Amino acid sequence: MDKKNTYCVILAGGVGSRFWPMSTTNHPKQFHDILGVGRTLIQQTYDRLLSFCNSENIYVITDGNYIDLVKEQIPELNIENIIGEPVGMNTAPCALYSAMKIYKKNPKAEILVCPSDHLILNEERFTETVLLALKSSKENQGLYTLGIKPTRPDTGYGYIQYVESDKQIKKVKTFTEKPNLDLAEKFLKSGDFLWNSGIFIWSAKDILDSFKKYLPEMYNAFNSINDYLNTKDELSKVKEVYPTLQKVSIDVGIMEKDKNVYVIPSQFGWSDLGTWLSLYEQADKDDNKNAKLSKNIFTYSSNRNIIYTQKNKVTVIDKLEGYIVVDTNDALLISPIENSQKIKNYVTDIKLNKKQRHI
């Protein structure tokens, strides 16, 4: 394993609005210990990457407002490795910005890009899969992603279709954004579709070449300030460039267009923890299938609920079935668990009613 040339980029700029009211603009879900294990999601992500990447080669790219939170939660990270975006512009600018910085430092770099807020239960298998992708990326041209074997027709994930072969690494055929239920069911039955994990592996050179080809305006904008990257003038120059960039995901901007994209079908206990339902599925439950994320919760004649309350509050739930109950200092959420995707809509309505301080 070539640790010297291995780099990791943690994407940590999202607000996680579907996890409201625990996740807020000032304190998004990646900075919470959602699972109650003593480490926040971003800390767990950082810990996981250390098995194959040196600390000095790990970068975090986040909203400029969260730089202090990152410093506080990962104090051992070099301050130069915390990249603050002037404004959130989706994942393509993140990927390009970080790749240019890393390439300037090390043109031989192999890069893993991953979200900060995902759950991975089998870390040993995750590391094995990543090392396979890094090895292939080093030896062959191409962009790589990890696809998760689906267990249900979930409409909250993007899907990757691959070309059938007896090889462990598959050529990607198509990408599909979040489908409707009917299409998701067809994908599941077909057997050649995977959930898009949002975890990518590529060489710095290959991803920059792809940006040059498929998003040339974005590439040229960053290339115009390349001399200032990794210097004291970087931030001021980035602030000039960022508002001019196209707001687009790396999936849509690059992966769907590039002809040299590969996927590794993976099973390492992955969840994107994107909704309260996905957390419920991974959380420990009592005999009545209630997931209690706090102490001092008492349930009676209640089944299949996920309940989170403030640490010192005693909570009693009686005759409730299939609900999300979340109580914080600023808000109370009570919603059917099957409506977990709708929480983003609730947050939008709260904004429209000028209650921003509660989100």
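User: Before we start, how are the axes and angles between helices defined here?

Analyst: Happy to help! Each axis is a line fitted to C-alpha atoms, for helices over the stretch in contact. Angles are taken between N-to-C directions, and they run from 0 to 180 degrees.

User: At what angle do H6 and H7 pack, and which class does that give?

Analyst: Keep in mind that this is a predicted model. The axes of H6 (residues 204-214) and H7 lie 5 Å apart, at an angle of about 120 degrees. Roughly perpendicular covers 65 to 115 degrees and roughly antiparallel starts over 145. The pair H6 and H7 is therefore oblique.

User: How many charged residues are in the contact of H6 with H7?

Analyst: From H6 come Leu-208, Phe-211, Lys-212, Lys-213 and Tyr-214, while H7 supplies Pro-216, Met-218 and Tyr-219. These divide into 6 nonpolar and no polar residues, and the number of charged ones is 2.

User: And what is the handedness of the crossing of H3 and H7?

Analyst: H3 (residues 91-105) and H7 (residues 216-223) have axes that come within 11 Å and cross at roughly 40 degrees. Residues that meet there include Leu-96 and Met-100 in H3, and Met-218 and Phe-222 in H7. H3 passes H7 in a crossing that is right-handed.

User: Which helix gives the largest share of the largest nonpolar core?

Analyst: That core has 48 residues, and Ile-111, Trp-202, Ile-207, Phe-211 and Ile-250 touch the most other members. Beyond its sequence neighbours within four places, Trp-202 contacts residues including Ile-111, Ile-207 and Ile-250. The largest share of the core is 8 residues, and these come from H3.

Note on methods:
Residues are numbered from 1 along each chain as its sequence is written. This is a predicted model: local features need pLDDT of at least 70, side-chain atom pairs count only at pLDDT 80 or more; totals for chains, interfaces and linings use all residues. Side-chain values use heavy atoms; hydrogens and water are left out. Helices (H or I, at least four residues) and strands (E, at least two) are DSSP runs, numbered from the N terminus. A crossing is left-handed if the near helix is turned anticlockwise from the far one by less than a right angle, and right-handed if clockwise. Contact means heavy atoms within 4.5 Å. A nonpolar core is a set of buried Ala, Val, Leu, Ile, Met, Phe, Trp, Tyr and Cys residues joined through side-chain atoms within 4.5 Å. Buried means under 20% relative accessible area, exposed over 50%, partly exposed in between (1.4 Å probe, protein chains only). Angles under 35 degrees count as roughly parallel, over 145 as roughly antiparallel, 65 to 115 as roughly perpendicular and the rest as oblique. Ala, Val, Leu, Ile, Met, Phe, Trp, Tyr, Cys and Pro count as nonpolar, Asp, Glu, Lys and Arg as charged, and the others, Gly among them, as polar.
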